[in-house]
Amino acid sequence: MTKLTLVVPTYNLSHYFDETLQTIADQTADFELWLVDDHSTDGTAAKAAEFVKGIPTFHVEQFDRHRGVSVARNFGIEHASGDVVAFADGDDQLHPDFVKTLINGFQTDTPAVTVGYRWWHSPMNPRDQYETLSQRTMFQQASQRGSEIGGYIWNKAYSLPAIKQIHLRFDESLTIAEDYLFTATFVVNNPGVYVYDPAIRYTKINRPNSTLRSRGFSERRVEDQVFDQIYRMGERL
């Protein structure tokens, strides 16, 4: 059976974290959990520490200073003991079968498994069946803003040995599009057949004070530069 490590960065999540923790607790398959708190000051860290008590496979790390979401995710990668690693944001909601669906997708030989998500809108046909994608198709999906699969990391699980083989980490200098860069780099370096279940297993919550909503013009320019880099990578396929 494939072992999955779920990495969840946390930072000043207010009441949103309570709902996320409940959806983590409601999972129908076993997994390892790393809650990595990025020096919260609103009680989020205390909630994380309380949540993992008494569960040997659940862990928490609390940074002594604010270091950024990419540092938190990289910590999770470096401490994961699973065969595959998945990520969730600490203010989002997981379907009870989120972990189960990702794990079962790895019963075939694949570098990564992805599932359907709900954000600004829902898929027109969220069919519940595993489908396969070529490396090229997966890259096309992962390198486009707002595509059905997207370059987001929170609706995917990645082979941990594949990550380690190419020494892949999140770019800690970026505050935008770091997820697209991570996923695109993974896909372009890992040929094979990718697995996709379009059924909605992840819900993105639109938080009014989220980092995404507060980004300015300069960060949007950085985002454009990241996508230029991604497009150049795609020329290798």
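This passage looks at a strand in the middle of a parallel arrangement and then at some aromatic pairs.

The model is predicted, so local features need pLDDT of at least 70 and side-chain atom pairs count only at pLDDT 80 or more, while totals for chains, interfaces and linings use all residues. Residues are numbered from 1 along each chain as its sequence is written, and side-chain values use heavy atoms, with hydrogens and water left out.

Take strand 2 (residues 32-37) to begin with; strands (E, at least two residues) and helices (H or I, at least four) are DSSP runs, numbered from the N terminus. Six of its six residues are buried, so strand 2 is largely enclosed by the rest of the structure. Buried here means under 20% relative accessible area, with a 1.4 Å probe and protein chains only. Glu32, Trp34 and Val36 point one way, and Leu33, Leu35 and Asp37 the other. Strand 2 runs parallel to strand 1 (residues 4-10), joined by six bridges, and pairs in the parallel sense with strand 3 (residues 58-62) over five; pairing takes at least two DSSP bridges. Threonine 10 sits opposite aspartate 37, and leucine 35 opposite valine 60.

Now for the rings. Rings of Phe, Tyr and Trp (its six-membered ring) pair if their centres lie within 6.5 Å, with planes under 30 degrees apart counted as stacked, over 60 as edge-to-face and the rest as tilted. That gives 20 aromatic pairs. In one of them, tryptophan 119 meets tyrosine 152 edge-to-face, at 5.5 Å centre to centre and 75° between the planes. Both tryptophan 119 and tyrosine 152 are buried.

Note on methods:
Buried < 20%, exposed > 50% of the residue type's maximum accessible area, 1.4 Å probe, protein only.
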